[in-house]
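Please open the model in your viewer and keep the sequence panel beside it. The tour moves from one selection to the next, with a note on what is there.

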Amino acid sequence: MKLKVATAVLSASLLASFALKAQEPDWKLSDEEMKKASQIYFDRCAGCHGMLRKGATGPNLEPEKTRKMGTEALKAIIHYGTAGGMPDWGASGELTPEETLLMAKFIQNDPPPPPETSLDKIKATWKLYIPPEKRPTKPMTNRNWKNYMGVVLRDVGKVAIIDGDTKELVNIVNTGFAVHILRMSASGRYMYSIGRDGKVTLIDLWMEKPDVVAEVKTCNDARSVDTSKYKGSKGDFLDKYAVVGCYWPPAIVTLDGQTLEPLKIVSTSSYAYDKPNEFIREARVASIVASHHNPEWVINIKEAGQVWLYDYSDPLNPKIKQLNAERFLHDGGWDSSKRYFLVAANMRNKVVAVDTEEGKVAAIVETGNKPHPGRGANINHPKYGPIWCTGHLGENTIACIGTDPKGHPEYAWKVVKKITLPGDGGGNLFVKTHPDSKYMYADRPLNPDKEAQSKIYVIDKDKLEVVSELKVPEKYLQPRTVNGKEVKPRGPVHLEFNDKGDEVWVAVWGNKLIPSAILVFDDKTLKLKKAIEGDWVRTPTGHFNVLNTQKDIY
């Protein structure tokens, strides 16, 4: 009898166990899987969706929403991407099928708590390799260093310095992972890189071979860096300070411009400008520029929809003026006069113009679905006068805005022209021009159509219409199999001119498993002039000319 009861109890227990397993959701992950997925999410997803997954450029990915969508639907989106700008992580080969499935499950789990930091922790990472007094007192090279091109080798954590005159590789320097941008000091001598891992590197271009002279890890995730560029009645701050804007923890970190010694950290967690009762822990610094009119940095607080004018004249006791703008702030650049800073509020389909001379928002202009200007492109148009243009992630247009309220008031802060790119969908990341070029160029690396992805669109600055398409040679776009994994280059990304404005450079955005190329086109003939190749050319993305970046020429 006891045996029968025991057997019955065991059977009931097994049945209950099987029932629980049958009911267990398919998105549950082990600790090891969570760890792996967290790293992939940080590398590929956090920038658009946020560490806490509350959304910004990309939509909210909190479990309450994602669990309703289900694993298969999420897997399809991650694999194929969307016309609104979501990359095709699986189809491009950047995520394996197993990793795609893992991420579809991961975003249905509660987000793990991200790490915090402090000024003491930042100081513990600071490394000064060569102090200022031991650095060259003049350029130690006969090369035209102001025409150097700094090229981000994104996924291998390096920056290549290329001689823009000879197209020769000068040096490859180790930086942070997935460098987002490079910025130059006011003098042009120093190049600052900021990695998505929050590491800043200071590169001295006067050395015979440019190399890192200092570094510091300011946070766990970052996108922006700039320097102090004001010299005038309020003081001389050229090359004196640097600033990093952090995604996580959301903060502003001020550094010594010559050594990168950490000086001050200020949290940017804030209240939404349009919802004063909504506290946003993850109010991240999207972009920073240095004012030409005051000792200030223009700092864009993404999720809060605020522009902060950050007075760095007394860096340990900064004064901050908060301007209500729009959500969610992203990238932007100066108008041609360097008075107005224009920044995309891409989830509200608008561009905010900030008057840095008067310290106020001058205008908010609706442009189109998810503007993504990079730094934008300035054109002096025969009819509209000075205009500034942005492309879009979510539609096939480039919108040009009048920026001259005194000389051309009838066009100021209006979209004077929408240029249509061929085909459907958006996917444009960058537009670029130069005062000595008659063209503006646009890439389209996030368009899901491979044909559209592979082209560079050439726009006549007077006609404001597409007049030609540059095709990347097919050999750079062919899928290849490496270690049993098929990898597919995404296509051309990020455009930059040389110092004279007669060449435009573009990177072929590839996979770190295979070498790619940097292509140089003649601006007059639109012919391919040079392909810079080599085993070291791995995942080139952004590239920044020293003179153009120093002088804010775009």
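Contact, as the word is used here, means heavy atoms within 4.5 Å. Bear in mind throughout that this is a predicted model.

Begin by selecting residues 31-44, which make up helix H2; its 14 residues reach 20 Å from the first C-alpha to the last, close to the 20 Å expected at 1.5 Å a residue. Which residues of H2 are buried? They are Met34, Ala37, Ile40, Tyr41, Phe42 and Asp43, and if you add helix H3 (46-49), helix H6 (97-106) and strand E9 (221-227) to the selection, you will have the elements against which these buried residues pack.

Next, select strand E2 (residues 148-153) together with E39, two strands that pair in the antiparallel sense over four bridges; within this pairing, Leu153 has Pro540 of E39 as its bridge partner. Widening the view shows an open sheet of four strands in the order E4-E3-E2-E39, with antiparallel pairing. At its edges lie strand E4 (169-174) and strand E39 (540-545), each of which pairs on one side only. On average, and with direction ignored, neighbouring strands of this sheet are turned by 20° against each other.

Finally, move to strand E35 (residues 491-497), which is mostly covered, seven of its seven residues being buried. Its antiparallel partner is strand E36 (residues 503-509), joined to E35 over six bridges, and Leu495 can be found opposite Val506 in E36. The two strands E35 and E36 form a hairpin with five residues between them, and in that turn Gly501 has a positive phi of about 80°.

Terms used:
Residues are numbered from 1 along each chain as its sequence is written. This is a predicted model: local features need pLDDT of at least 70, side-chain atom pairs count only at pLDDT 80 or more; totals for chains, interfaces and linings use all residues. Side-chain values use heavy atoms; hydrogens and water are left out. Two strands pair if DSSP finds at least two bridges between them. Axes are lines fitted to C-alpha atoms, for helices over the stretch in contact, and angles run from 0 to 180 degrees between N-to-C directions. Buried means under 20% relative accessible area, exposed over 50%, partly exposed in between (1.4 Å probe, protein chains only). The expected span of a helix is 1.5 Å times one less than its number of residues.
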